Amino acid sequence: MSFKLAFRNVRRSIKDYAVYFLTLTFGVCLFYVFSALDDQSAIQFLARNNNPNVEAIFVLVGVFSAFVAVVLAGLILYANQFLMKRRKRELGTYALLGMPTGKVARLLVTETLLIGLCALVSGVALGILGSWALDKLTVAMFLAAPEEIFSFNLSWKAAGKTAAYFGVIFLIVMAFTSLSVSRSKLIDLIRSGRTNEEVSRRPLAMSVALFLLGCVTLGTAYAILLTRGLLRIDLLWFIMLGLGTVGTFLIFRSLSGFLLRLTRGHKGYYKGLNMFVLRQWSGKVHTNCASNTVISILILLAIGVTACSVGLNDTITASVGNQTPYDLTVLNYGREGAYENADIPQLFRDAGLDTDACFAGVESVTVYYNDPELTGMPAAGYYAVVALSDYNRLMAGRGLPVLESVDKPLRTPNAIVNGPAADGVAVVPDDMISQLTPRRQMVNITYAGNVSKVDDLVRMTLDEAEDFTGGLEIMMNYKLDNYYDLIGAKILVLYMGLYLGLVFLLTAAAVLALQQLSQAADNAQRYELLSKLGAPRAMRRGALMRQVALAFLLPLALGTIHAFVGMKAANEVIQTMGRVDSVHSSLLTAGLLLVIYGGYFLATCLGAWRAVEEKGR
């Protein structure tokens with residue numbers, strides 16, 4: 001009987017459970033997607049190639065998953081409190097009709113269990129789709145993806161882990177639900193939602209003083225961050241975090257006091273239902289101060305983590321092209337370290353490789369020892385130099401701009417070989433080369449056809465050859481080796497950033513949505529009174545939307561300011577690795593913010609209006 005009643009209640013109240021259900025579904029989806037990373041074909045490919053970042057990915061996914069589980073558990077408990085508030089009068093009616101308190105608690109537990117099971121199934125199903133999309137995104141990162149990583153694997157281990165984590169969370173939720181109902185008095189259930197928060201009136205001067213103090217506190221925190229940097233973690237770093245949190249709280253605490261007072265002198269205050277909207281917003285002053293502070297910090301973390309991970313990912317991508325412009329670089333150190341110019345393609349042919357079919361281009365260049373007295377370039381930063389004519393020949397072969405002339409030695413604008421060592425090469429005039437000593441021969445090779453297949457063929461041919469080097473000291477620098485190492489770093493940075501960023505953003509938006517839906521249910525009688533006083537339906541709906549918009553935009557505005565300052569400090573760290581594409585990272589972050597935060601805003605407006613309308617019928 002209890003199960004049938006619970007099933008009927010869930011089906012009848014499906015719109016009440018919509019935001020709760022979507023939040024659970026998205027949480028399960030995210031948890032499954034990132035728990036299934038170790039079963040992705042691309043990750044397994046990197047693991048088979050002993051990529052050093054794969055182990056770090058597995059470790060961090062485990063750590064972050066535990067952290068995310070705690071965050072989602074708190075979010076689910078918060079959402080459950082919202083549902084309890086919406087259902088208390090109904091539960092009180094059951095008790096008033098003679099249903100024992102224990103059976104009422106079991107009824108609510110059964111409803112929570114049904115919603116949880118549905119969310120778990122739909123979340124895992126959506127997670128499988130998301131995992132497939134993430135796998136394809138990973139494969140798309142590869143310059144030349146081997147055929148074996150174009151397969152998708154369903155992760156039963158991730159599904160079991162997700163079910164286990166959320167099973168424990170729902171057991172905790174159901175225990176809290178049962179305890180809350182069993183402790184509730186009948187009068188409290190019947191009169192739920194009628195008790196208003198008592199707002200203490202403070203002088204305008206005090207509110208303005210709190211606002212200014214909050215601004216000064218935040219400004220001090222910003223100054224410490226921008227002056228000392230992001231990575232200098234000491235006591236002052238934690239003081240900065242404390243000042244930022246306190247400053248945020250003070251600003252929200254003061255807004256509730258003087259915003260209402262300041263707007264009274266404006267003629268727009270009495271236009272339409274603006275006075276009612278501002279009164280409604282300031283009516284939850286104590287609750288909103290604390291929650292808005294937390295939400296602003298969550299938005300800061302969401303924007304900052306996501307944008308920085310995307311920016312760092314772009315920087316790593318740029319470094320791939322800068323450090324590995326060729327498919328293969330052969331470094332010829334000669335015999336016993338003595339310079340010797342050799343026919344490297346002939347060595348490949350002697351080993352049994354068809355160079356005409358495998359190589360699209362071969363460029364040989366000699367680099368020379370740097371003589372600081374002659375070149376004026378310090379030996380510490382420039383280990384070798386190259387002639388201007390050789391540099392221009394290499395650049396012309398790649399379709400890059402050449403240097404017309406070089407009056408004095410300068411660092412090569414573009415890499416001339418694979419590897420970070422290319423950053424230490426300088427271009428010198430041709431007439432200076434005759435005065436320098438040759439250091440080594442470098443042969444740059446561009447593959448013909450599929451890079452991955454040709455690379456495998458070259459490696460296999462050299463492995464099977466008895467003596468490929470012909471007595472020379474030769475080192476091979478394959479582009480794909482460097483590329484796969486950097487791909488691992490890209491995945492580590494991008495996915496961990498997206499994982500945490502999405503969770504923080506989802507949490508902030510869901511908390512705001514549940515908060516506003518709860519307040520809309522509490523304020524339904526007031527909107528009903530407006531209707532009786534003659535306020536048109538469109539005016540009442542507009543007032544409700546402005547009330548929700550005010551609740552969503554204020555923490556978003558302050559959180560965005562926090563994120564802007566934080567990203568400025570973070571970009572200074574990222575720039576040590578290369579150029580930061582702040583436009584791309586900002587656009588992608590804004591897109592995620594618009595989809596998730598904006599989506600919750602629209603869903604909240606619709607849900608809040610439905611709650612108000614149903615009360616008025």
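Visitor: What does the secondary structure of the chain come to?
Guide: In this predicted model, the chain has 21 helices and seven strands.

Visitor: And how much of the chain is buried?
Guide: Buried residues account for 51% of the 617 residues. The accessible surface is about 28800 Å², and carbon and sulfur atoms hold 63% of that.

Visitor: What about contacts, how many join residues at least 24 apart?
Guide: If you take contacts between residues at least 6 apart in sequence, 83% of them join residues at least 24 apart.

Visitor: OK, the sheet. What's the strand order?
Guide: The order is 4-5-3-2-6-1-7, in an open sheet of seven strands with mixed pairing. Strand 4 (410-411) and strand 7 (474-478) stand at the edges; each has a single partner strand, so one side of each has no neighbour in the sheet.

Visitor: Which way do strand 1 and strand 7 pair, parallel or antiparallel?
Guide: Antiparallel, over five bridges, with strand 1 covering residues 328-332. As one example, Leu331 has Met475 in strand 7 as its bridge partner.

Visitor: Which helix packs on the sheet there?
Guide: Helix 17, residues 451-464. This helix touches strand 1, strand 2 (359-369), strand 6 (438-447) and strand 7, and its direction makes about 160° with that of strand 7.

Visitor: Switching to the cores. How many residues has the largest nonpolar one?
Guide: The largest has 118 residues. Phe166, Phe348, Tyr447, Val458, Tyr597 and Tyr600 have the most contacts inside it. Helix 18 (residues 479-522) gives this core its largest share, 26 residues.

Visitor: What does Tyr447 touch?
Guide: Leaving out residues up to four places away in sequence, Tyr447 touches Asp327, Leu328, Cys358, Phe359, Ala360, Val454, Asp455, Val458 and Tyr478. Apart from that largest core lies another, with 16 residues, including Val386, Met395, Ile416 and Met442.

Visitor: Met395, which helix is that in?
Guide: Helix 15, residues 388-397. Met395 is buried there, and so are Leu388, Asp390, Tyr391, Asn392 and Leu394.

Visitor: What do the buried residues of helix 15 pack against?
Guide: Strand 2, strand 3 (384-387), strand 5 (425-428), helix 16 (430-433) and strand 6. Just after helix 15 comes Gly399, with a positive phi of about 75°.

Visitor: Where else does a glycine take a positive phi?
Guide: Just after helix 19, where Gly534 has a phi of about 105°. In helix 19 (residues 524-532), Ala524, Tyr527 and Leu530 are buried.

Visitor: Why are those on the same side of helix 19?
Guide: Because they cover an arc of only 115° around the axis. In general, an α-helix has 3.6 residues a turn, so residues three or four places apart point the same way.

Visitor: Which residue other than glycine has a positive phi?
Guide: Glu336 is one of those, with phi near 55°. Glu336 sits in the loop between strand 1 and helix 12 (344-350).

Visitor: Is Glu336 buried or exposed?
Guide: Exposed, because its relative accessibility is 79% and the cut-off for exposed is over 50%.

Visitor: Last one: Tyr483, where is that?
Guide: Tyr483 is in helix 18. This tyrosine counts as buried because its relative accessibility is 11%, and buried means under 20%.

Visitor: How many residues separate Tyr483 and Thr324 in sequence?
Guide: They are 159 residues apart in sequence, yet 7.8 Å apart in space, C-alpha to C-alpha.

How values were computed. Residues numbered from 1 in each chain as written. Predicted model: local features only at pLDDT ≥ 70, side-chain atom pairs only at ≥ 80, totals over all residues. Heavy atoms only, no water. Helix = DSSP H or I, 4+ residues; strand = E, 2+ residues; numbered from the N terminus. Buried < 20%, exposed > 50% of the residue type's maximum accessible area, 1.4 Å probe, protein only. Contact = heavy atoms within 4.5 Å. Areas by Shrake-Rupley, 256 points an atom, 1.4 Å probe, with all protein chains shown as cover. Pairing = 2+ DSSP bridges. Axes fitted to C-alpha atoms, helices over the stretch in contact; angles between N-to-C directions. Core = buried A, V, L, I, M, F, W, Y, C linked by side-chain atoms within 4.5 Å. Arc of directions from axis to C-beta.
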